Each structure stands twice: as C-alpha cells, then as structure tokens.
Amino acid sequence: MVRRSGSFLGHDGLDAPDAPSIDSVTGGNAQVSVAFTAGTAGTTATTGFVAQVSTDGTAYNVSSNTGSSSPIVVSSLTNGTAATAKVWAINAHGTSEPSAASSSFTPAAPWLGTRGVWAGGYNPTTGSEDTMEYVTITTTGNATDFGNLSRVAYTQGGNGVSNGSRGVFGGITNNFTAANEIEYITFANTGNSTDFGDLTVARDSTAGMSSGVRGVFAGGYMSPEYSNVMDYITIASTGNAQDFGDLSVGRQFNGGVSNGTRGAVGGGATGSGYSDVIDYITIASAGNATDFGNLTVGRRTVTSATSETRGIWAGGDRGSSAIKDEIDYVTISSTGNATDFGNLLAGTHHLSGTSSTTRAVIAGGKTGSAEATIQNVIQYIEMASTGNASDFGDLSGVRQDMQACSGS
C-alpha cells in the first residue's frame, strides 16, 4: 500500500498510518462525539488519533481533541452552528492523511431537563388559571408552585418547547379565545413568565417540538379552522415566530415529540374525525411535514413526551364516551407505525406531559366527560422500557389542558 506523510507533521510518510474512516458524528451541548474506524497501522503501532472540526468545510481548526480510540469528543463548539469533522491517526513516524469529512452536525443545548413545569389550564371551580407548578422529574412527589403566567390563561393543552434553560409556551389562549401570545420562563429561577413574542397565526392546542436551538409549534385551532400551520422560534432570542411550513392536515389537540434533530406530530382532531397520522419534520430545515406512520388508534386530546431517542403519545379520546388509556411509542429516527408501550393509570384525556431524558411525567386531565372527573394526578413512565404508568404525586389542584416542558 502507498503511504503518505500526514497533514500535521509526518516526517516519514511511508511508515505513517493509513487514514481512519468516520462512522458517525453525534452533536451534543457545544460538542460532538466522533466515532471512527482506524486504518491500517504503519510500520510501528498507531499511538493516537486527532479529531478536528470545521464550520466552513475547509479549515479544520475550530476545535480539536485527541484520543487513543474511538470515539473522540470535541468540545468548545458553538451551539446552533453546523460543522463537519475529520480524524487523523498518529504513530512514531508521523500523521496519516485525514479521513473524509463527516456528515454535517449541529451542536445544541439539551432540550430536556430534570425540572418539569406545567402552565395554565382549566379548573372547574376557578375557571382558566395562570398557575405554574414544577416537579423534579427524577424523584416522585407533589408539585411545587413555580409562579404565574402573565395573565389568566386556559392554555388548551399542547406542548411547550425548551433549550434546557428556557421554556417557552405558545398559543396562550385567552379564556377560551385563541390567541397568538408566546411566553417564556427560566427553569432555574422560579417566578412569573415573560412575554416572548407572537405566533404567526392565533390558535390554541399546538404541538411543540425542540432541537435545543429552535422550537416549532404545529397545528392548533382558531375557529372555525383546524390549523396546519407550523411556526418556529429561536428559543434563546425573544421575538415573533416565523413560518416553518405545513402539517399534512390541519388538526387540534395533537402531540409533538423530538430527538433534537427530527420532530414528529401525532394524533389530534381534524374536524372530520380523530387522526392517527404521525407527521415528521427536520427541525433545522423549514418545510412541510412528511408522513412518518400511524398511532395504534386515532384520537384527540392526547399528550406526548420524548427522550433523546423515543417519543410517546398517551391517553386522549375518540369522543367523550371513548376515553383512552393507551400509551404508544416510536423510535423517532426511523419512520413507521407506533407500538404499544403500556397504559395510563386510567383512561384520561386533556392531560399534559413532559419528560427528562429518561422519564416522562404526565399530569392532570379528566377521566370522564363531566368536570367532576378533572384530576390532579401526576403519573410517570420510564422511557427506555415499556410498561404501565405509576403514581408520581399530585398537582396542587385539579386541572386539565395545561402546557408543559422541561429543563434545568
């Protein structure tokens, strides 16, 4: 085989190692993990490897790290900035040629955390609420007061979005009237929410998805229309949302999940029935949604939660007499129909879920059609396994149709 002097300092190219080949790159919080396979060693053993990152595809000098084996983690990267990586091998005689450039990756802050916050909702005694409460997802116990939304708001369910430090709630309904307000909180500091900006179209019951940099609000309802609109924001920067694209069909009371790269929206009411459709998007690239697969049963008023690999949809109804306890799951990176995960403690609709990277917590909702069935129950599942939900604790009062998100 022909050997060449490497790109760093090879002084005996015939004896330097062959170039490694990159197997995969996984972006993280201001970092990337580069997995690779070593090439053939030179006349002496390979002693190490260097991974370097480029944001322009030419100069691989943004950041680097060394290691003795795969993978190598390169840190001090800029979240939200796309990049590629290359790897070199080193022995006593020099440095190999570089590997081929990796596929593009985008470092991002973690969009999940251990503090779960529920906001707004409806209580049968007090009506629309501005209450926000939180739990530490990794433990069990009752919820604690976080603060208040900027005004009394029946948030009509849906998901908030998060970049790990900031949570954002979109489509804050003004006492049953769809609105375009977006509000945000800082997870580490309890307190009231602050105005963020506005959605492009006023609506309620949106499904939220996050990459840790960008948040997307999908679908919802603005009488008399079931919306197919998707908006996006940059979570770290306040301001009005921008158009992202369209869902395959307009729907309300759907749920959103994300693995940080891909978002998926499942279920909902379409005006003509109960949808089992799951659509997906690539969060970094605006455009219309694409078919992913189907839920095990079509339903509205579902909630959803997500880990870094798995998305779940739980509960919902097919009308007030057909309230569901099913939990479905998908592997977000691969398309296909949802699979049975287990069951809630009871059939529940108008409920609200959020999650850490390992556990989903689901709160409130109602178990029947009457307001007397609105509950304060918090239940949880472990995302990596399948099985039925377990009791976690209680909200301070009974509520339905909250929004929720998590961070730290």
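**Reading cavities, a strand and some backbone angles**

Modeller: This predicted model has three cavities of 30 Å³ or more.

Biologist: How does one find a cavity, and what volume does the largest cavity have?

Modeller: Rolling a probe the size of a water molecule over the atoms shows where empty space is left. In this model, the largest cavity holds about 190 Å³ of space. Its lining comprises 21 residues, with L112, G160, G208, T306 and T354 nearest the centre. By class, 13 lining residues are polar, eight are nonpolar and none is charged.

Biologist: Which strands each supply at least two residues of that lining?

Modeller: Among them are β16 (207-210), β26 (303-306) and β34.

Biologist: How should I read the faces of β34, and which residues lie on each side?

Modeller: In a regular strand the side chains alternate between the two faces of the sheet. Strand β34 spans residues 403-407. Q403, C405 and G407 are on one side, A404 and S406 are on the other, and all are buried. Strand β8 (residues 115-119) runs antiparallel to β34 and is joined to it by five bridges. Within this pairing, W118 stands opposite A404.

Biologist: What should I look for in the backbone angles?

Modeller: Most residues other than glycine have a negative phi, and most peptide bonds are trans. Here S205, not a glycine, has a positive phi of about 60°. S205 sits in the loop between β15 (194-198) and β16, and counts as buried because its relative accessibility is 1%.

Biologist: Where are cis peptide bonds found?

Modeller: One joins S70 and P71, with omega about -5°. Another runs from S223 to P224, with omega near 5°. P71 lies in the loop between β4 (63-67) and β5 (72-74), and P224 in the loop between β18 (221-222) and β19 (225-226).

Technical notes:
Residues numbered from 1 in each chain as written. Predicted model: local features only at pLDDT ≥ 70, side-chain atom pairs only at ≥ 80, totals over all residues. Heavy atoms only, no water. Buried < 20%, exposed > 50% of the residue type's maximum accessible area, 1.4 Å probe, protein only. Helix = DSSP H or I, 4+ residues; strand = E, 2+ residues; numbered from the N terminus. Pairing = 2+ DSSP bridges. 1 Å grid on protein atoms, 1.4 Å probe; cavity = no way out; pocket = protein on both sides within 12 Å on 5 of 7 lines; lining within 4 Å. Points joined across faces, edges and corners; volume = space filled by probe spheres on them. Nonpolar A, V, L, I, M, F, W, Y, C, P; charged D, E, K, R; others polar.
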